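Thanks for sending this one over. Here are my notes, written as numbered points so that you can follow along with the model open beside you.

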Amino acid sequence: MSQQQFENFTASSLYCEKCKAAMPVRERLLLILPDKEIYDYLCTGCASSVGQREITAGEKMMAQATAPRRPRRRSPVRRIQL
Ligand SMILES: [Zn+2]
């Protein structure tokens, strides 16, 4: 579930040197550290690494806090028809 949330703010395509084009990328968790996680981005065309990204604990908390947007509960409005 949290994977989908990350996709919202990560780049879905990056420039690939081998393909010489902006290619859609696949995100792969490379390393988990106590204070951050490192993700590797692989080109979906040639499967070579086109970039890496560090997500710090703070960023992750922010993502988790903002991602699941709960609709505000509205009190039911009663319409009175005359
Ligand atoms: Zn490529």
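**Notes on the zinc site and the strands around it**

1. Let me begin with a cysteine. Cys-19 has a relative accessibility of 30%, so it counts as partly exposed. Please keep in mind that this is a predicted model, so each value here is computed from predicted atoms.

2. What holds the zinc ion? Four sulfur atoms coordinate the zinc ion: the SG atoms of Cys-16, Cys-19, Cys-43 and Cys-46, at 2.2 to 2.4 Å. The angles among these four donor atoms run from 103 to 115 degrees, and the site is tetrahedral. For orientation, the ideal angle for four tetrahedral donors is 109.5 degrees.

3. Along the sequence, the donor residues follow the spacing C-x2-C-x23-C-x2-C. Distant parts of the chain are linked by the pair Cys-16 and Cys-46, which lie 30 residues apart. Cys-16 belongs to strand β1 (residues 13–16), while Cys-46 sits in the loop between β3 (36–43) and β4 (49–56).

4. Are these donors buried or exposed? Cys-16 is buried, because its relative accessibility is 1%. Cys-46, at 29%, counts as partly exposed, and Cys-19, at 30%, is partly exposed too. The cutoff that decides this is 20%: buried means a relative accessible area under that value.

5. With several cysteines in view, you may wonder about disulfides. A search of the whole structure finds zero of them.

6. Now to the strands. β3 and β4 pair in the antiparallel sense, over seven bridges, and Lys-36 stands opposite Thr-56 in β4. Together β3 and β4 form a hairpin with five residues between them.

7. Have a look at the backbone of Ala-47, which is found in the loop between β3 and β4. Its phi is near 65 degrees, a positive value in a residue other than glycine. Ala-47 counts as partly exposed because its relative accessibility is 49%. Most residues other than glycine have a negative phi.

8. Lys-20 also has a positive phi, near 55 degrees, and is likewise a residue other than glycine. Where is Lys-20 placed? Lys-20 lies in the loop between β1 and β2 (21–32). With a relative accessible area of 63%, Lys-20 is exposed.

9. Val-50, in strand β4, is a good residue to click on next. Not counting residues up to four places away in sequence, Val-50 touches Leu-14, Tyr-15, Cys-16, Val-25, Tyr-41, Leu-42 and Cys-43. Two of the zinc donors, Cys-16 and Cys-43, are thus among the residues that Val-50 touches. The C-alpha atoms of Val-50 and Arg-26 are separated by 9.7 Å, with their positions 24 residues apart along the chain. Val-50 counts as partly exposed, because its relative accessibility is 22%.

10. Last comes Glu-37, placed in strand β3. Is Glu-37 buried or exposed? Glu-37 is buried, because its relative accessible area is 10%. Its side chain makes a polar contact with the side chain of Tyr-39, at 2.9 Å. Leaving out residues up to four places away in sequence, Glu-37 touches Leu-29, Leu-31, Ile-32, Arg-53, Glu-54, Ile-55 and Lys-60.

Terms used
Residues are numbered from 1 along each chain as its sequence is written. This is a predicted model: local features need pLDDT of at least 70, side-chain atom pairs count only at pLDDT 80 or more; totals for chains, interfaces and linings use all residues. Side-chain values use heavy atoms; hydrogens and water are left out. A disulfide is a pair of cysteine sulfur atoms within 2.5 Å. Buried means under 20% relative accessible area, exposed over 50%, partly exposed in between (1.4 Å probe, protein chains only). Donors are N, O and S atoms within 2.8 Å of the metal (3.2 Å for Na, K and Ca); water is not among the atoms, so sites may look incomplete. Four donors count as tetrahedral if all angles lie between 85 and 135 degrees; four count as square planar and six as octahedral if opposite donors are over 155 degrees apart and all others between 65 and 115; anything else is irregular. Helices (H or I, at least four residues) and strands (E, at least two) are DSSP runs, numbered from the N terminus. Contact means heavy atoms within 4.5 Å. Two strands pair if DSSP finds at least two bridges between them. A polar contact is a pair of N or O atoms within 3.5 Å; within protein, one must be able to donate a hydrogen and the other to accept it, and residues adjacent in sequence count only if both atoms are side-chain atoms.
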